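Dear colleague,

I am passing on the structure below, together with notes on what was found in it. Please read the notes with the coordinates open beside them.

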Amino acid sequence: MLARIMAGMPDAHFQFLWFNQLGLPPPASIPNNCTIVGEYRILQGPVFEFIARALQSLVRRGRRLGRLFDGLLQLGQVACVGVRLGRELRRRGGDRLWFVLQGDRPMVCYTIAQTMAGRPYVLHQWDPVSWWMGHRTLPRAYQTWIKGLLRRFEARAFLNVVPSAVWQAKLITEGKTAVRADNFIEARLLKGRRLLALREPGVLHAVFLGEFYASAELVAIVGRLIEHSVACGKRLVVHYFGSGQAPQIVGCRFVAHGFIDRDALIESVSKWELALLPYPVEARFEETARLSFPSKVRVYMAAGLPILSNAPDFSGVHAFLAREYAEFYCNMRLAGDFDAFMGRIDLCGYAEASKRFDAASQLVLREFSDEAELVPLKRLIEDGI
């Protein structure tokens, strides 16, 4: 997504300083107008390793003081990265800074780095920081502190980039400047396409994209589809793209396709009958459900697929689909919709599927294309707000 934005701004040159907190390999390719000029990892060494082993020993014994010092050690390591990054940013200069936030550690690092650099910046978020912290079950006091840092960082940014209209509206209500942009789809890919539909007698082909982060919600969807398929005398096949291990569910065959380029993925999945959208329903992920917008939905709609979700009824993605894609969308958590929805899919012929395909393409072109998202983002950056 970030690469697509950079490639879509060919008149700008991006110097990329990478806070590689997970020790990932370098990207296979980057846009021509981008150069990786630095990589920053959590500091290691014999002193840190000795202290960490000692603290881990205390933690294993259940000592609260050990856990406290272990957390402080990790914060100290991140702070060191922030100082190094801040020095480099100050040395390099440049018109604007662009901070991409993924988790609590970058928030600490970026606060230090930006304070040292002292230049206008863009803050780019894909998921609320509470999503990352919730998965790690971090202490509440620490989460409150990080959220406070984030609120101030958002307020000082000359532009906030977020993935959903709901999130954008929230920031604007708070007096912050914000624009919506995510994994946009080039308008040229949406014009002049034809539907490729596959129907196999006795089989219901569904598709799932991404990681199995909402596995319980996915299992619930698949269980409901198995019941429906058995009643109709069909077998259920779920094609999934991405990494991770699919759950083992009697009555469903999962077919792994690995990673495929996004543009090719749209065409590949369009031939099947149904897209699956599990979304976290746990209370601790309420903020994520309200504000985020899963990028897989854009691919599903660009492919012209009907979408079956298991998502909170207050979530932003449910509100959007129920409003803009209602004819081709069902949330299984809502009573009375499922049977009628699946009945339409079972009876759907080529003419009906083609109509849905065209309507979905127009919706994506209007809401999620480069014309709808990249152009306004470029204008805001070029005008300097």
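Two strands are said to pair if DSSP finds at least two bridges between them, where strands (E, at least two residues) and helices (H or I, at least four residues) are DSSP runs, numbered from the N terminus. On that basis strand 7 and strand 10 (residues 274–278) pair in the parallel sense over two bridges, and Ala 206 has Leu 274 in strand 10 as its bridge partner.

This is a predicted model, in which local features need pLDDT of at least 70 and side-chain atom pairs count only at pLDDT 80 or more, while totals for chains, interfaces and linings use all residues. Residues are numbered from 1 along each chain as its sequence is written, and side-chain values use heavy atoms, with hydrogens and water left out.

The pairing of strands 7 and 10 belongs to an open sheet of six strands, in the order 9-8-7-10-11-12, with parallel pairing. Strand 9 and strand 12 (329–331) stand at the edges with a single partner strand each, so one side of each has no neighbour in the sheet. Direction ignored, neighbouring strands of this sheet are turned by 25° against each other on average; axes here are lines fitted to C-alpha atoms, for helices over the stretch in contact, and angles run from 0 to 180 degrees between N-to-C directions.

Strand 8 (residues 235–241) is mostly covered, with six of its seven residues buried, that is, under 20% relative accessible area with a 1.4 Å probe, protein chains only. Seven bridges join strand 8 to strand 7 (residues 203–209), the two running parallel, and Leu 209 stands opposite Phe 241 of strand 8. Strand 8 also pairs in the parallel sense with strand 9 (residues 252–256), over five bridges, and Leu 236 has Cys 252 in strand 9 as its bridge partner.

Helix 13 (residues 316–324) lies across strand 10, strand 11 and strand 12, running at about 140° to strand 12.

Elsewhere, helix 4 (residues 104–117) and helix 6 (residues 140–156) pack at an angle of about 45°, their axes 10 Å apart. That angle makes helix 4 oblique to helix 6, since angles under 35 degrees count as roughly parallel, over 145 as roughly antiparallel, 65 to 115 as roughly perpendicular and the rest as oblique. In their contact (heavy atoms within 4.5 Å), the helix 4 residues include Met 107 and Tyr 110, and those of helix 6 include Trp 145 and Phe 153.

Best regards

How values were computed:
Buried means under 20% relative accessible area, exposed over 50%, partly exposed in between (1.4 Å probe, protein chains only).
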